[in-house]
Every structure is written in structure tokens, then in C-alpha cells.
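Visitor: I should like to go through this structure by question and answer. Please let each reply end on what was asked for.

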Amino acid sequence: MPCRAPLPSLLLLLLLGSVRASGAESSPHLPAPKDVMVYSYNFHSSLRWSPVKVDRGLVLYTVHFKTGAFNQWDEMNCTRITQTECSFPMSLKERRWTVVLRVRAELGQVTSDWVETDPFVAERNTTIGPPKVNSVIESSDSLLISVTPPFGSEAGDVLQYHVSYWENATSTTKKETKTSNTLFEIRNLKELTLYCFRIQVELMIHSDLKLLGLQSVPECYRTKISEATRAGYIVVIFVFMLLFVNLVTVGLILLWRHHKTIKYWSQPPLEIPSHFEEYLKDPSMPVLEVLDNCVEDDPLSSSVLFCGEGSQACGSSLDGQAHSHSISSESEVT
């Protein structure tokens, strides 16, 4: 005969099952952080991720790490933080270490799933920036450049600077040179020419591994004039000035010697008055008779008409005529 469970026990089991089911359905779910990645620039590394958005409350984040040599998760001073970035501690500054990180979101007692990163090695995965150009000294045929490495060097670091330069800002023909010195010179340049250059750093990790950095922003400088060219310009200017002074002197001498000829040719040509020219063309015209009649009628006015300005003889004759005219007038009155 089969055993039957007591009715109160069955009711209690059903009640507990429904409570667990309702609790599982109503338990909140917190999304995990997204876009989790390690950002490293000049060996300064940090873990970054996108913020988790919720309707209520403040989401906190916790970050753990482990290395390839010690495969155990450990905290890295980023426990329950509000920021979405966690910088590497000093214990993880070794460039050759393999590091794996993970992060999760927390809201009260609720936590999201962990999100792990790919293994990160600083000397392989960091981004090397361009070097800093401290100074550029221009000469007639070279540029002396002083730079500073983009990061602090360690023992065993071998840095090489790749320099590409070209003539003018629009030229496409580039030349390249390499050097391991922070003070180097670009030589065999043209004088008084604009040159532009870019520099990038290459970290020689070992013979099979090289890490090439970013190129710097192009900088342009103009070479100076050489002393020989400067002296040549001075000689040319002096010769032109001496030639100009000689030409001016010769011109003044010629002007002084031939001033009479110049004065003669600069005077306007003499022309016969139009009424005399008409008479000479046709002597039958009564021009002179009219003039004679005018002289007989008024000798004084006729004298004034035909006398030139500034003539003593004319002046004396006019005075004599005026005097005789006055005497005759007085005699008539008497």
C-alpha cells in the first residue's frame, strides 16, 4: 500500500517553492561593464570601461589583477570606486610582466559578472608618443636639433630616432636618417630654404622585437644665408651703388657743358605775327597804309604802339614827342 504524505506537509512544500520562484523572478540583474580595455601611453597604463547605467542608485566598480607568474586574483586599490578608470599600481610597472585584469559593477549587494581583459604586456602593447623637440638651431647648410625621449628610459633601453625631412612645405620628396643621440644634425641642406621634419622613436627591445612610436607634428625652419653669399650680396650692392653715382656724375657734367645747346633747343621757335605773314604773302593788302594813317593822326599813340618794352631810344623819342606836343598845345592856347 503506497505511502501518502500528510496534507499539511504538501502545502508547506508548495508554498516554499512558490516563494523561491517569485524571489528568483524578482531578483534584480546588473549588467556587466562594456568596452573594457587597457589604455597605455608611454608606459603609463590604466584600465578603462564604459559606465553601467541603472534607473536608481550609484553603481560602483571593483578591479582585480593577476600576473602570468602568480595566477591569483588580487585587488589593485580600485575597490568599489565610482570612476570608470583604474590606473596601474607601482607593483605593475614592470614592462615585461604579463598582466590580466577584470572588473565588475556593484549596486548595493547586487554584483554583475566579471569582465576580463586580454593579457597585457607593456613593452609590446603600449603606445609610444613622439619625442619633444627642445630646440632647433639653423645654419646655412644644416639644422641642429635637440630632443627629449617621450618616456623615462630604463637600464637596457635602446632608443633610435627616425627623422624624415623634406624641402619646402609642399614637396613630396622626403629623406630619412636615423640616430641614437638626442642632439643630432641634419646636414647638406640648401641655404635660405624652408625645411620641414618629423621624428618618431623606435624602442629596440631585442633583435626580433621593435616598438615604433608615433610621428611628431611637422616643424618647419628656414636655413640661414652663408657668409660667402652675404659677402657676394654686399659686393653686388656696392658695385650697383658706385655705378649709379658715376652715371649721375657724368650726367651732371654733360648737362653743365652743353647747357647753352640745351637752352637753345628748349626755347620755343620764333614765329612771325599773323598779320605780317599775310602781308608778306600778299603785299597789295593796305595794312601798312592803315598803320601810317594811325601814326599821322596820333603820333604819340603810334609811338607807344610800335615801341618795345625797355628800349631807351623809344623812351627818349616818346618823351621828346610828348614834350613837343605839349609846347604846341600851349602855343595854340596863347
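Visitor: Are the residues that point either way from β3 buried or exposed?
Guide: In this predicted model, L60, T62, H64 and K66 point to one side of β3, and Y61, V63, F65 and T67 point to the other. The strand, residues 60-67, is mostly covered, with 8 of its 8 residues in that state. The residues on both sides are therefore, at under 20% relative accessible area, all buried.

Visitor: Which residue of β6 stands opposite H64?
Guide: β3 and β6 (residues 98-107) run antiparallel and are joined by 8 bridges. Within this pairing, the residue opposite H64 is R102.

Visitor: How many residues does the hairpin that joins β3 to β4 pass through?
Guide: β4 comprises residues 74-75 and pairs with β3 in the antiparallel sense over 2 bridges. F65 stands opposite D74 there. The number of residues through which the hairpin joins the two strands is 6.

Visitor: Which strands stand at the edges of the open sheet β1-β2-β5?
Guide: The sheet has 3 strands in that order, with antiparallel pairing. A strand with a single partner has one side left without a neighbour in the sheet, so the edge strands are β1 and β5 (85-87).

Visitor: What is the bridge partner of Y39 in β2?
Guide: β1 and β2 run antiparallel and are joined by 6 bridges. The partner of Y39 in β2 is S46.

Visitor: Why is the pair of F43 and F151 edge-to-face?
Guide: The model contains 4 aromatic pairs. The ring centres of F43 and F151 are 5.1 Å apart, and planes over 60 degrees apart count as edge-to-face. The deciding value is therefore the angle between their planes, 80°.

Visitor: How many residues apart are F43 and F151?
Guide: Both residues are buried. F43 lies in the loop between β1 (34-41) and β2 (44-50), and F151 lies in the loop between β11 (143-148) and β12 (159-167). The pair thus links distant parts of the chain, and the separation is 108 residues.

Visitor: The charged end of which residue sits over the ring of F43?
Guide: This charged end is 4.0 Å from the centre of the ring. The residue is R95.

Visitor: Is Y221, which forms an aromatic pair with F197, buried or partly exposed?
Guide: The pair is stacked, with 6.1 Å centre to centre and 15° between the planes. F197 lies in β15 (residues 194-206) and Y221 in β17 (residues 219-222), so the pair ties together parts 24 residues apart in sequence. F197 is buried, with a relative accessible area of 1%. Y221 has a relative accessible area of 22%, and is therefore partly exposed.

Notes:
Residues numbered from 1 in each chain as written. Predicted model: local features only at pLDDT ≥ 70, side-chain atom pairs only at ≥ 80, totals over all residues. Heavy atoms only, no water. Phe/Tyr/Trp six-rings, centres within 6.5 Å; stacked < 30°, edge-to-face > 60°. Helix = DSSP H or I, 4+ residues; strand = E, 2+ residues; numbered from the N terminus. Buried < 20%, exposed > 50% of the residue type's maximum accessible area, 1.4 Å probe, protein only. Lys NZ or Arg CZ within 6 Å of the ring centre and 35° of its normal. Pairing = 2+ DSSP bridges.
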